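Visitor: I've got a model to look over. Can you walk me through it?
Guide: Sure, here it is.
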Amino acid sequence: MGDNVDDDSLYTIKEGDYVVLKRGDVFKAVQIQTKKKVIFEKQWFFLDNAVGQLYSTTFELASGGILQPRKPKDPESSTDTKGAGTDNRNIQDDGKSQKLTRDDIETLKEQGLKGQEIIQQLIDNSSTFKDKTEYAQDKYIKKKKKKYENMVTILKPSCRILAMMYHGREPGKICHLRYDTLAQMLTLANIHANSKVLVFETCAGLVLGSVMERMGGFGSVIQMYPGGGPVRAGVESFGFPAHFHDTLHEFPICHLNALIAGTLDTTAKDPSADLKESDMTAEVKTEAEVKTEAEVKTEAEQKGSPEDQSMETNSGADGSLVPKKEEEEEKRREAKAQEKKVKQEEKRKKLAAAASLLEGRNADGLVIASRFNPCPVLMALLKFLSPSRPFVVYSQYKECLIECYTKLKEQGGTVNLKLTDYWLRHYQVLPNRTHPVLLMSGGGGYLLSGTTVAGGGSKPAASRRDEEPAPKRQKVTETEG
Amino acid sequence: MKETLFFSLKYAVFKQSNNGTVLTMSFVEYSDCIQDGDVAIVYLGHESMTPVKVKRGAQTQTRYGVIRHSTDLIGQRYGSKVTCSKGGWVYVLHPTPELWTVNLPHRTQILYTTDIATITMMLELKPGSVVCESGTGSGSLSHAILRTIAPTGHLHTVEFHQQRSEKVLEEFKEHRVDHMVTVRNQDACKDGFGVTGVADAVFLDIPSPWEAVRHAKAALKKHGGRVCSFSPCIEQVQKTCEAFSDQGFEDINSLEVLLRVHDVRTVYLPLPDFGPDPSAQIQPDSTITPPQNHASIAVKTTIPPRDVQGHTGYLTFATKPRT
């Protein structure tokens with residue numbers, strides 16, 4: 001509850017912090033790096049002046065790309081509006097009411113006029129402004145503000161902000177998962193501290209990061225990943241403290257069958273079998289790794305030549321020239337091989353750690369959100385959950401979830417299966433002007449949720465109980481949840 | 001009374017062990033086996049569940065027969081199938097706030113999971129969050145908040161109805177979450193939440209939320225925080241937005257979220273009979289049977305439920321800037 005400096009440090013922007021830039025309804029996640037140009041909403045600027053300021057500060061974009069903290073609440077220098085009209089019956093929309101041309105406005109900008117001042121100029125030079133109704137004037141001013149006020153707010157990242165950002169900016173990267181649907185997933189899967197959660201996602205790490213935020217660094221999260229390596233760009237944007245990453249594990253699904261069959265060998269191999277080990281891990285070698293290895297090779301080759309020359313000039317033309325070069329190359333090769341061994345050992349350790357967390361088959365929750373066909377993923381990963389634990393599957397397409405639902409019903413072992421989607425509607429709330437804004441219907445994706453129970457393969461007689469109910473009176477309240 | 005003391009001690013002891021093994025059920029942490037004193041959720045079948053207070057020697061009647069707590073529940077793993085006296089069976093589930101929401105005894109109209117999930121994310125709740133809430137009502141949202149802010153957060157909840165405030169505190173104790181919550185029997189509009197400058201988030205679900213906005217502002221941390229007001233009527237929303245604006249809140253945003261359920265069904269659509277098709281050639285190896293009057297196509301699809309919830313309330317969110 002104190003107002004001491006320590007308290008403030010949590011809320012102060014520091015170099016290296018991951019933040020979110022906001023202008024109106026547009027967001028962008030960036031990292032604070034001094035002297036680095038950032039582009040946001042068609043403007044270039046530096047974030048240097050943000051360091052040391054508090055989060056949620058709004059900055060004005062001054063010329064030269066410098067940020068200046070806006071003084072708290074310039075009493076909205078109420079734009080001078082000398083009266084208003086009653087309706088628009090006599091207003092012609094001929095595009096000629098604004099006397100200032102685009103060039104005029106540019107000139108004003110160059111002169112260094114602030115957004116507020118430009119707007120005042122626009123109002124003064126509009127022949128129809130005074131005839132507009134108060135509400136129309138309001139709307140006009142809001143519109144101009146959006147265009148001419150050069151403000152940027154710097155926010156601390158959170159699931160809410162990042163989910164809205166991704167959905168607005170790059171929905172394709174997150175399988176078109178709308179932020180309210182993500183909110184439902186986190187709650188339906190009962191994500192909370194001190195649990196063990198499995199996540200399979202191809203949403204740029206947004207889902208994974210959101211799960212981690214709700215776990216608060218307690219418990220463990222195991223990311224099951226397809227391909228060569230886990231994608232976690234989204235996780236970085238959350239700016240979690242370092243210790244959160246201790247709770248994060250990963251497991252490649254290409255080893256899933258081996259794990260299920262009990263044939264996955266994660267023990268350390270002796271050096272002679274290193275070749276075999278590298279064969280096994282070859283398939284999980286990322287493109288990046290292969291690339292760096294190739295780069296390293298060519299680098300070494302290139303390094304050879306200039307050194308040759310210097311050696312030629314330094315040492316005499318005696319026989320010692322050749323063995324020295326070979327020695328250096330030998331050392332370099334050894335160092336590289338050593339590095340590779342260390343990396344492989346790290347990788348093996350991580351794999352072993354993740355495998356041991358999974359082997360117990362006692363995970364507390366499962367979240368799936370990917371571009372892959374969810375059915376096989378769900379069937380495979382459900383095996384790792386304890387009984388009486390929730391799971392949630394997201395899909396852009398209802399049919400995939402119908403398939404999952406059907407398979408689950410056949411196999412048994414789950415109850416309370418629900419296929420849902422969500423309507424989200426925003427409202428504009430203003431005196432005498434309250435109404436819904438946009439209807440984002442059906443665009444949020446679908447969820448299948450349920451709870452595991454002991455034993456699959458239910459007896460046919462008993463399973464009938466869990467089927468579609470006979471037509472009977474259903475209370476409205478029972479349809480929910 | 002001795003028993004309750006023993007169990008709170010037992011719980012305290014387990015809380016101190018830091019290897020993550022939890023041996024007692026609570027609404028904020030999973031446990032593996034059913035124990036005396038637990039609150040479990042008995043699953044009877046499609047859309048049919050009931051909460052059960054597990055007690056040694058007790059019995060619970062279900063349509064499938066009697067469940068004897070000592071033999072059928074205590075010591076069994078959560079998620080197990082339990083056979084009842086008449087031969088029918090049920091599943092016993094570990095309680096979660098979501099299961100509690102659909103099974104709790106209503107003393108007031110409650111918030112359902114769809115709104116709860118939206119509120120949780122939009123208020124940015126997470127472990128360690130300090131939250132103020134009014135009115136507590138039947139505790140549906142309260143349990144969900146406690147689950148999200150555990151183990152290090154705290155909930156200050158205010159309920160102006162004395163019996164309801166007592167009942168909900170009883171439940172918090174039974175559900176082993178009372179160490180994270182403070183229930184105050186007072187009027188939030190007059191007396192606020194009982195704390196100032198400590199909350200990360202404030203939630204209002206009261207008839208006149210605009211009267212509590214200044215208290216919400218006072219309860220929030222100096223650095224800022226999030227607030228949410230839930231109201232069924234648009235007039236309430238308008239008044240509340242105005243109050244938020246007057247009190248200096250920013251990013252005021254009103255929305256509603258609706259759940260749509262898709263019931264998976266296989267439907268059989270009969271094929272129409274257009275009479276014999278003279279041009280049709282039946283191949284010898286054809287697997288297509290000639291169309292008959294009673295042929296139908298099975299289609300796997302979803303249908304909407306007959307009745308759906310069209311409105312619960314409007315959610316208004318806002319941010320308190322640094323003061």
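Guide: One definition up front: helices and strands here are DSSP runs, numbered from the N terminus, with at least four residues for a helix and at least two for a strand. Also, this is a predicted model.
Visitor: Fine. Where is A:Asn190, then?
Guide: In the loop between α6 (179–188) and β8 (196–201) of chain A.
Visitor: And what is phi there, at A:Asn190?
Guide: Near 55°. That is a positive value, in a residue other than glycine.
Visitor: Now the peptide bonds. Which residues does a cis bond join after B:Ser134?
Guide: B:Ser134 and B:Gly135 are joined by a cis peptide bond, with omega about 0°. B:Gly135 sits in the loop between β7 (130–134) and α5 of chain B. Another cis bond joins B:Ala150 and B:Pro151, again with omega about 0°. B:Pro151 is in the loop between α5 and β8 (154–158) of chain B.
Visitor: Switching to the interface. How many residues does each chain put into the contact?
Guide: Chain B gives 78 residues and chain A gives 73.
Visitor: What area do chain B and chain A bury?
Guide: About 6,800 Å² between them. Carbon and sulfur atoms account for 56% of that.
Visitor: How many salt bridges between chain B and chain A?
Guide: The count is 5. One of them pairs B:Asp251 with A:Lys22. Their closest N and O atoms are 3.8 Å apart. That counts because the cut-off for a salt bridge is 4 Å.
Visitor: And how many residue pairs in polar contact?
Guide: Between chain B and chain A there are 22, both residues at pLDDT 80 or more.
Visitor: Which elements of chain B touch chain A?
Guide: Those giving two or more residues include β1 (39–45), α5 (140–149), α9 (234–246), β12 (250–270) and β13 (296–303) of chain B. The largest share comes from β12(B), with 14 residues.
Visitor: How do the residues on that side of chain B divide?
Guide: 34 nonpolar, 24 polar and 20 charged.
Visitor: Back to β12(B). Which strand of chain A joins it, and is the pairing parallel or antiparallel?
Guide: Strand β13 (residues 414–428) of chain A, antiparallel, through 9 bridges. A:Thr420 has B:Val261 as its bridge partner. A:His426 has B:Leu255.
Visitor: What does B:Leu255 pair with in β14(B)?
Guide: B:Leu315. So B:Leu255 has a bridge partner in chain A and another in β14(B), given that strand pairs here are built from DSSP bridges.
Visitor: How many bridges join β12(B) to β14 of chain B?
Guide: 4, and the strands run antiparallel. β14 of chain B covers residues 314–320. β12(B) also pairs with β13(B), antiparallel, over 8 bridges. In that pairing, B:Asp263 stands opposite B:Ile303.
Visitor: Last topic, aromatics. How many aromatic pairs over all chains?
Guide: The structure holds 9. Among them is A:Phe129 with A:Tyr140, which is edge-to-face. The centres are 5.3 Å apart and the planes make 65°.
Visitor: Where do A:Phe129 and A:Tyr140 sit in the chain?
Guide: A:Phe129 is in the loop between α3 (115–124) and α4 (134–148) of chain A. A:Tyr140 is in helix α4 of chain A. The two residues are 11 apart, and the pair links distant parts of the chain.
Visitor: Good, that covers my list.

Methods:
Residues are numbered from 1 along each chain as its sequence is written. Chains are lettered from A and ligands numbered from 1 in the order in which they are written. This is a predicted model: local features need pLDDT of at least 70, side-chain atom pairs count only at pLDDT 80 or more; totals for chains, interfaces and linings use all residues. Side-chain values use heavy atoms; hydrogens and water are left out. Contact means heavy atoms within 4.5 Å. Buried area is the accessible area (1.4 Å probe) that two parts lose on being put together, summed over both. A salt bridge is a side-chain nitrogen of Lys or Arg within 4 Å of a carboxyl oxygen of Asp or Glu. A polar contact is a pair of N or O atoms within 3.5 Å; within protein, one must be able to donate a hydrogen and the other to accept it, and residues adjacent in sequence count only if both atoms are side-chain atoms. Ala, Val, Leu, Ile, Met, Phe, Trp, Tyr, Cys and Pro count as nonpolar, Asp, Glu, Lys and Arg as charged, and the others, Gly among them, as polar. Two strands pair if DSSP finds at least two bridges between them. Rings of Phe, Tyr and Trp (its six-membered ring) pair if their centres lie within 6.5 Å; planes under 30 degrees apart count as stacked, over 60 as edge-to-face and the rest as tilted.
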